[in-house]
Amino acid sequence: MTLSPLLADTATSPVTAAYARLTEVFPGLRADVLDEGASAPAGAGWVGAAELAAGGPAVDAFLAWDNAQVLRDYGQQARPDVVASFGLHRYAWPACLLVTVPWFLHRRVPRIPVEDVAFQRALGHLTVRVREFSCLPGDPAADLPGARVVADEEALRAEVLAALTEHLAPVLEGFGPRMRRGKRALWGMATDEIVEGLWYVAHLLGEERRAMAELELLLPGTAKPYVGTAGFRELTGPEGQSLPTRDRASCCLFYTLRPEDTCVTCPRTGDDDRVRKLAAAS
């Protein structure tokens, strides 16, 4: 019997194909599933997500990279909370893709507790041990060890949020004391990392509009502890073209370094500036 390509991929892991596709369109990020019994990498710039969740020296060492980057690129010392915000973003943005990309591509949702994820930021390399995942009825992976079959798309979206919350909650606790933000603001940042990561990757995949629709269903504004909706809206360009944008639930604080150069989705960026920036990039 000939196996379908998607079924054949599960011989390694139910999410291996999704991570391979991610690297194909975004070579700056690589995610590998650890084989059973394999040890997570350590040393040489690697940090375990559980170490970041614990706070302390691991987070200080992680943020030293961001502090050095700001000094090198902008010639000034950033506030400690700004450095911490940059560092959290640079971890959470790729980490969220470990869940959202398999869901978006193959309707498979891995559980990724912090104990099972490691990150090498200089290489853009993540490793993850997938012990459990959720999928829909009829998925070829439904009979694999660790599979949890859920009833429908709504139930699978709930699994996406549960998996992300399980991973992000302790990470936010680890970074939180350095952030000078309350819990609501931290979960606003988490909302933005989920949305903007998949939105960007889906654009590279040629499926931006589908991702926008999926994210609006995932984050309708009532999914606690997340803050706000996916926040998408449309602007009209100078030639009448549609320019998708969104309003972030949080601020990355980049304006503290370059007040004149805010992000295109920043609440501080007016629509005229957004149109100008988006039209120039299209």
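## Exercises on a predicted model

Four of the five residues of strand 9 (residues 242–246) are buried (under 20% relative accessible area with a 1.4 Å probe, protein chains only), so this strand is largely enclosed by the rest of the structure. The model is predicted, so that local features need pLDDT of at least 70 and side-chain atom pairs count only at pLDDT 80 or more, whereas totals for chains, interfaces and linings use all residues. Residues are numbered from 1 along each chain as its sequence is written, and side-chain values use heavy atoms, with hydrogens and water left out.

**Exercise 1.** Find the partner of strand 9 and describe how the two strands are connected.

*Solution.* Begin with strand 8 (residues 232–236), which runs antiparallel to strand 9 and is joined to it by five bridges; strands here are DSSP E runs of at least two residues, helices are H or I runs of at least four, and both are numbered from the N terminus. Two strands count as paired if DSSP finds at least two bridges between them. Next, locate phenylalanine 232, which stands opposite arginine 246 in strand 9. Finally, follow the chain through the five residues between the strands of this hairpin, where glycine 240 in the turn has a positive phi of about 85°.

**Exercise 2.** Check the length of helix 5 against its expected span, then locate its kink.

*Solution.* The expected span is 1.5 Å times one less than the number of residues. For the 27 residues of helix 5 (residues 80–106) this should give 39 Å, and because the end C-alpha atoms are 40 Å apart, the two values agree. Then look at leucine 98, where a kink of about 40° lies shortly before proline 102; the bend is the angle between axes fitted to the seven residues ending at a residue and the seven starting there. Just after the helix, arginine 107 takes a positive phi of about 60°.

**Exercise 3.** Relate helix 5 to the largest nonpolar core.

*Solution.* Start with burial: 22 of the 27 residues of helix 5 are buried. The largest nonpolar core (buried Ala, Val, Leu, Ile, Met, Phe, Trp, Tyr and Cys residues joined through side-chain atoms within 4.5 Å) has 81 residues, and those with the most contacts inside it include Tyr91 and Ile194. Its largest share, 16 residues, comes from helix 5. As a last step, take isoleucine 194, whose contacts (heavy atoms within 4.5 Å) include Cys96, Thr100, Leu168 and Tyr226, not counting residues up to four places away in sequence.

How values were computed. Buried means under 20% relative accessible area, exposed over 50%, partly exposed in between (1.4 Å probe, protein chains only).
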